[in-house]
Amino acid sequence: MRNVVVVKKEVRVRTGVAATATTDGRTRDRVARLLLERGAATAAELGAQLGLSPAAIRKHLDAMFAERLVETRELRVAGRRGRGRPAKAFVLTAAARETFPHFYDDIATAALRWIAEHGGPEAVSAFAATQVAALEESCRGALREAGRDPIARAEALAEALTDEGYAANATTIASGGQLCQHHCPVAHVAAEFPQLCDAETEVISRLIGTHVQRLATIAHGDGVCTTHIPTLPMTGPTTAPETTVQNTTVRTDT
């Protein structure tokens, strides 16, 4: 019987913790929504609006500050400022704003449909190439120290793409290498307009310095964008295959 009672107590404690976490999450959502509407607010203003005590609102703001969801700004006071610490206003960070719903995909898809209707598939391809040009330029700088080996360049490119938000990594396989991108910022749009994927693949090929092949894409329902990189001889001052064949032929004739 004692064991049963203990188990019940543990369940109650865990349920209470879960309920508290849920309540805290909802309160912080309300704080974030209020900051989104007002732009900036002090802790006192937020507490008064939400019916929270100064200690309670501070607890939520401290947690949101630790998670980099809010940041503070010094309030500008007209006239002469009194003694004491200047009042601080809280504002949402860019990361916090990204958690709210956006309609970028719908707008981008509608724009590409308009381009396709008035300019045809070629116009969509030209637009896609323009869009990935900035990505190519950004990643090219990261590959300057990678050398000429395609696999080494793929590894450097994976790091550069990760910095751009693609969550990428490169691995070596029997037939060469693989570049995997675990996130695609334009997946929903690319599902209808594969020209975006084609333009990105061409960028990867140019940056790595060899022909590559897309095996899977998130836009087509795969879990990851996978690009195969075949193993090819490094370019440079080494003896080319044609020269080797020619020298062998001369020696045979002799």
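Reader: Which residues in helix 7 meet Ile204, Leu207 and Ile208 in helix 9?
Author: Happy to start there, with a word on the basis: this is a predicted model, in which local features need pLDDT of at least 70, side-chain atom pairs count only at pLDDT 80 or more, and totals for chains, interfaces and linings use all residues. Residues are numbered from 1 along each chain as its sequence is written, and side-chain values use heavy atoms, leaving out hydrogens and water. Helices are DSSP runs (H or I, at least four residues; strands are E, at least two), numbered from the N terminus, and contact means heavy atoms within 4.5 Å. Ile204, Leu207 and Ile208 in helix 9 are met by these residues in helix 7: Pro150, Arg153, Ala154 and Leu157.

Reader: How is helix 7 oriented to helix 9, oblique or roughly parallel?
Author: Axes are lines fitted to C-alpha atoms, for helices over the stretch in contact, and angles run from 0 to 180 degrees between N-to-C directions. Helix 7 and helix 9 pack at about 125°, with their axes 9 Å apart. Angles under 35 degrees count as roughly parallel, over 145 as roughly antiparallel, 65 to 115 as roughly perpendicular and the rest as oblique. Helix 7 is therefore, with respect to helix 9, oblique.

Reader: Which residues of helix 6 make the contact with helix 5?
Author: Helix 5 (residues 104-119) and helix 6 (residues 121-142) pack at an angle of about 135°, their axes lying 6 Å apart, so this pair is oblique as well. Helix 5 brings Leu112, Ile115, Ala116 and Gly119 to the contact, and helix 6 brings Pro121, Glu122, Ala123, Val124 and Phe127.

Reader: Which residues line the largest cavity?
Author: On a 1 Å grid over the protein atoms alone, a cavity is a set of points where a 1.4 Å probe fits but cannot get out, a pocket is an open set with protein on both sides within 12 Å along at least five of seven lines, and lining residues have an atom within 4 Å of a point. The largest cavity holds about 40 Å³ of space, and helix 9 gives the most to its lining, with four residues. The full lining is Leu135, Cys139, Leu157, Leu161, Glu200, Val203, Ile204 and Leu207.

Reader: Which element gives the most to the lining of the largest pocket?
Author: About 620 Å³ of space lies in this pocket, and among its 21 lining residues, Asp105, Ala108, Pro185, Val186 and Val189 are the closest to its centre. Helix 5, helix 6 and helix 9 each supply at least two lining residues. With six residues, the element that gives the most is helix 5.

Reader: Which element of the chain has the lowest mean pLDDT?
Author: pLDDT is the predictor's confidence in each residue, from 0 to 100, and its mean over the chain is 80, with 77% of residues reaching 70 or more. Over residues 233-254 the pLDDT stays under 50, and the model has six contacts for this stretch beyond four places in sequence. Where pLDDT is low, the predicted coordinates should not be read in detail. Helix 9 (residues 195-208) has the highest mean of the elements, at 95, and the lowest, at 37, belongs to helix 10 (residues 241-253).

Conventions:
Grid points are joined across faces, edges and corners, and a volume is the space filled by probe spheres set on the points.
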